[in-house]
Amino acid sequence: MELVGSVIVFLCVLISVNNASILEPTKANPLLSYYIPEARELKNALGLHEDVYLNFTELTSKYGYKSEEHTVTTEDGYILTIFRILSKCDGPSTSYPVLMMHGLIDSSDVYIVAGPDLGLGYVLSKNCYDVWAANHRGNVYSRRHVSLDPDKDIKFWDYSFDEHGNFDLPATIDYVLQVTNKQKLFYVGHSQGTTDFFVLTSLRPEYNDKIQLSVQLAPVAWMTNSMSPIPRALAYHVSQVKEFLDGMGLREILGKHQLSHFVLEILCSFQPEAVCGTTYRLTSGLEPGTLKPKVLSVSLGHLLAGTSTKNLVHFAQLIVSKKFKRFNEGLEGNMKRYQSSKPPEYNVSLISSPVVLVSAHQDWLSSLKDVETLSSKLPNLVENYVVPLKEWSHVNHVYDERIQKYVNPKILDYFKEYEV
Ligand SMILES: *[C@@H]1O[C@H](CO)[C@@H](O)[C@H](O)[C@H]1NC(C)=O
Ligand SMILES: *[C@@H]1O[C@H](CO)[C@@H](O)[C@H](O)[C@H]1NC(C)=O
């Protein structure tokens, strides 16, 4: 089963790369962009569950929650979408809003795809919280800029998680605090959403004063011991891979409108375990059989929300350098950007706000050893909680049915404790 899945996933990657190479980028238009139509009728006719393709506001209203769409512009001009789920409870509203940030090639949807009983966005709303689900630059909901065109301007894609932390998060946090008229908020990050947070609170430590408490699911900072076969293999060949992709004009990767998404979304609905399960297995260590077929299919409709190839290169640099450092632009670029020949490390000892880490035995991206490196340096660590199940992995934190026992109550308990 796993072998079949691997072959299918490999073929999909091949198909999308091949498809891309037919369309040679020209000098005038050095960025390759193509759009696969959303084709909801076709997906419907093929029998896909509609939750696979409904967007954030459609899903929340389907399940009886009121949501709003907000936009904020970063200081460097990116226009980001933030969704708000209004609190749905009879009790008094809580003291702090909750801001949730998704992971790599993901979107705000990650906190609701598990459905109304499990999705953290819904669970928090039911518990009287004012819930905000962010989207960083370049993903399906935040593919906009005041002057740059993501389909034409290479510069639009010149960012990594450093810019998510340095620009997207502060703009988003300030916006939420301003609209809600509060001084502080609770933060929840998953995967890269934790990296973004560590970047922000170490590069701009004054933002720690705006965080009442953060809960970091599958934290990613040091990646020395990550053992996912695909990311590791790519990391050690990153310059060749990047050169190849640049040559084809691909600066945006795994976008929602791209062929890779369309193919995986459909295949995953027919063979959830073989296609999605294997994809998660090879990238982050998911234990086969731990997720229900429906959530696997639905998740792939929302994952692959797009990012820049430069962002993937930055993660590769973490793996190879064994350090949590800013982007390595090369000697000349580093001198210009950092006034030093090497990129500086993120100084996580400046993260003075209280942090809860939630990690997993079977997480191949965020290994327990690397989480320990991080936790030993955090000055205000509240708890390093390891989910007490041997088979728990990176995406179980957001998709597994058992989050109602092992993850969501943990978050609610800590928020209650830090409410005053
Ligand atoms: C979500 O779908 C609704 C209904 O089709 C549409 O009006 C809305 O613009 C979509 N939202 C986003 C952010 O794409
Ligand atoms: C990191 O921050 C701590 C606390 O302010 C400081 O003592 C230390 O010198 C900093 N380290 C670096 C490498 O800048």
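Me: Where does Ser125 lie in this predicted model?

Reply: Ser125 lies in helix H4. Please keep in mind that the whole model is predicted.

Me: Why is Ser125 called buried?

Reply: Its relative accessibility is 0%. Buried means under 20%, so Ser125 earns the word.

Me: Which residues does Ser125 touch, not counting those up to four places away in sequence?

Reply: Ser125 touches Tyr65, Ile85, Leu86, Ser87, Lys88, Cys89 and Val131. A contact asks for heavy atoms within 4.5 Å. Let us follow Cys89 from that list.

Me: How do you know that a disulfide joins Cys89 to Cys128?

Reply: Look at the sulfur atoms, which are 1.9 Å apart in this pair. A disulfide needs them within 2.5 Å, so Cys89 and Cys128 pass the test. The torsion about their S-S bond is 120 degrees, and the link is right-handed.

Me: What does the pair of Cys89 and Cys128 tie together?

Reply: Cys89 sits in the loop between strand E2 (79-85) and strand E3 (98-101), while Cys128 sits in the loop between helix H4 (120-126) and strand E4 (131-133). The pair therefore ties together parts that are 39 residues apart in sequence.

Me: Why is Cys89 called partly exposed?

Reply: Cys89 has a relative accessibility of 24%. Partly exposed is the range between the 20% cut-off for buried and the 50% cut-off for exposed, so Cys89 belongs there. Its partner Cys128 has a relative accessible area of 13%. That is under 20%, so Cys128 counts as buried.

Me: How do you know that Cys268 and Cys276 form a disulfide?

Reply: The same reasoning applies. Their sulfur atoms are 1.6 Å apart, and the rule asks for a pair within 2.5 Å, so Cys268 and Cys276 form a disulfide.

Me: Why is the disulfide of Cys268 and Cys276 called left-handed?

Reply: The torsion about its S-S bond is about -115 degrees, so this disulfide is left-handed. Cys268 is buried at 0% relative accessibility, and Cys276 is buried with a relative accessible area of 0%.

Me: How many disulfides does the rule count, and what pattern do they follow?

Reply: The count comes to 2 disulfides. Counting bonded cysteines along the chain, the pattern is 1-2, 3-4.

Me: What makes the phi of Ile105 worth a look?

Reply: Phi of Ile105 is near 45 degrees, a positive value in a residue other than glycine. Ile105 has its place in the loop between E3 and H4. At 12% relative accessibility, Ile105 is under the 20% cut-off, so it counts as buried.

Me: What is the phi of Ala218 near?

Reply: Phi of Ala218 is near 55 degrees, which is also a positive value in a residue other than glycine. Ala218 lies in the loop between strand E6 (211-217) and helix H7 (229-235). Its relative accessibility is 0%, and Ala218 counts as buried.

Me: Why is Tyr141 called buried?

Reply: Tyr141 has a relative accessible area of 15%. Buried means under 20%, so the word fits Tyr141. You will find Tyr141 in the loop between E4 and helix H5 (161-180).

Me: How many residues apart in sequence are Tyr141 and Thr81, and how many Å apart in space?

Reply: Tyr141 and Thr81 are 60 residues apart in sequence and 5.8 Å apart in space, C-alpha to C-alpha. Tyr141 also touches Thr81. Its other contacts include Asn55, Phe56, Phe83 and Asn135.

Me: Why is Asp168 called buried?

Reply: Asp168, in helix H5, has 0% relative accessibility, and with a cut-off of 20% it therefore counts as buried. Leaving aside neighbours within four places in sequence, Asp168 is in contact with Thr74, Leu80, His136, Arg137 and Glu163.

Me: Now the whole chain. How many helices and strands are there?

Reply: The chain has 17 helices and 10 strands. Its radius of gyration is 20 Å, close to the 22 Å that the globule rule gives for 420 residues, so the chain is as compact as a globular protein of that length. Buried residues make up 58% of the 420 residues.

Key
Residues numbered from 1 in each chain as written. Chains lettered and ligands numbered in written order. Predicted model: local features only at pLDDT ≥ 70, side-chain atom pairs only at ≥ 80, totals over all residues. Heavy atoms only, no water. Helix = DSSP H or I, 4+ residues; strand = E, 2+ residues; numbered from the N terminus. Rg over C-alpha atoms; globule rule 2.2 N^0.38 Å. Buried < 20%, exposed > 50% of the residue type's maximum accessible area, 1.4 Å probe, protein only.
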